[in-house]
Amino acid sequence: QVQLVESGGGLVQAGGSLRLSCAASGRTFSSYVMGWFRQAPGKERELVAAINRSSGSTGYADSVKGRFTISRDNAKNTVYLQMNSLKPEDTAVYYCAAGASTTLIHYWGQGTQVTVSS
């Protein structure tokens with residue numbers, strides 16, 4: 001069993017930055033692909049960014065490419081999402097996820113709210 005706890009969300013003005021963190025329990029963190037998803041009101045949950053087990057490969061949604069950076073520290077059982085140049089349309093609840101792939105998620109965090117004001 002893996003528990004994921006997100007932190008770092010909040011209210012920021014457009015153009016600002018936030019860094020989300022996701023701390024994982026358990027000793028199997030490095031065996032999972034990690035992803036950040038988000039869900040805005042009235043919209044479906046979408047994949048924002050993902051990183052493979054060894055941090056050798058990352059992927060991003062087109063809407064965040066060049067602005068967001070995902071990283072992980074397997075020694076600290078933590079995955080991060082650095083979000084720069086935030087836009088109002090980035091407002092959503094952001095979820096950390098762990099799984100065999102981004103389409104086979106085993107564990108979800110509880111979510112952290114990110115609100116970007118214009």
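**A friendly walk through the predicted model**

1. Let us begin with a sheet. Four strands form an open sheet in the order 1-3-8-7, with antiparallel pairing; two strands pair if DSSP finds at least two bridges between them. Strands here are DSSP runs (E, at least two residues), numbered from the N terminus. At the edges stand strand 1 (4–7) and strand 7, each with a single partner strand, so one side of each has no neighbour in the sheet. From one strand to the next the twist averages 15°, with axes taken as lines fitted to C-alpha atoms and angles running from 0 to 180 degrees between N-to-C directions.

2. A word on what you are looking at. This is a predicted model, in which local features need pLDDT of at least 70 and side-chain atom pairs count only at pLDDT 80 or more, while totals for chains, interfaces and linings use all residues. Residues are numbered from 1 along each chain as its sequence is written, and side-chain values use heavy atoms, with hydrogens and water left out.

3. Which strands does strand 3 pair with over six bridges and over four bridges? Strand 3 (residues 18–24) pairs with strand 8 (residues 78–83) in the antiparallel sense over six bridges. With strand 1, the antiparallel pairing of strand 3 runs over four bridges. Cysteine 22 is a good residue to find here: it is the bridge partner of glutamate 6, and it also stands opposite valine 79 in strand 8. Alanine 23 has threonine 78 in strand 8 as its bridge partner. Strand 3 is mostly covered, with five of its seven residues buried; buried means under 20% relative accessible area, exposed over 50%, and partly exposed in between (1.4 Å probe, protein chains only).

4. Next, the aromatic rings. A pair of aromatic rings is described by the distance of the centres and the angle of the planes. Rings of Phe, Tyr and Trp (its six-membered ring) pair if their centres lie within 6.5 Å; planes under 30 degrees apart count as stacked, over 60 as edge-to-face and the rest as tilted. By this rule there are three aromatic pairs. In one of them, phenylalanine 37 and tryptophan 108 have ring centres 4.9 Å apart and planes at 65°, so the pair is edge-to-face. This pair links distant parts of the chain, 71 residues apart: phenylalanine 37 is in strand 4 (residues 33–39) and tryptophan 108 is in strand 10 (residues 104–108). Phenylalanine 37 is buried at 8% relative accessibility, whereas tryptophan 108 is partly exposed at 37%.

5. Tryptophan 108 has another ring partner. The rings of tyrosine 95 and tryptophan 108 have centres 6.4 Å apart and planes at 90°, so this pair is edge-to-face. Tyrosine 95 lies in strand 9 (residues 92–101), 13 residues from tryptophan 108 in the chain, and is buried, with a relative accessible area of 14%. Ring pairs thus join Phe37, Tyr95 and Trp108 into a cluster.

6. Two arginines also meet rings. The charged end of arginine 45 sits over the ring of tryptophan 108, 4.5 Å from its centre. The charged end of arginine 72 sits over the ring of phenylalanine 29, 4.5 Å from its centre. A charge sits over a ring if NZ of Lys or CZ of Arg is within 6 Å of the ring centre and within 35 degrees of the ring normal.

7. Is alanine 98, in strand 9, buried or exposed? Alanine 98 is buried, with a relative accessible area of 1%. Its C-alpha atom is separated by 5.7 Å from that of tyrosine 32, although the two residues are 66 residues apart along the chain. Not counting residues up to four places away in sequence, alanine 98 touches Leu4, Tyr32, Val33, Met34, Ile105, His106 and Tyr107; contact means heavy atoms within 4.5 Å.

8. The loops deserve a look too. Arginine 67 lies in the loop between strand 6 (58–60) and strand 7 (68–73), and counts as buried at 10% relative accessibility. Leaving aside neighbours within four places in sequence, the contacts of arginine 67 include Gln82, Ser85 and Asp90.

9. Last, the backbone. Most residues other than glycine have a negative phi. Asparagine 77, in the loop between strand 7 and strand 8, has a positive phi near 55° and is buried, with a relative accessible area of 17%. Serine 85, in the loop between strand 8 and strand 9, has a positive phi near 50° and is partly exposed at 41%.
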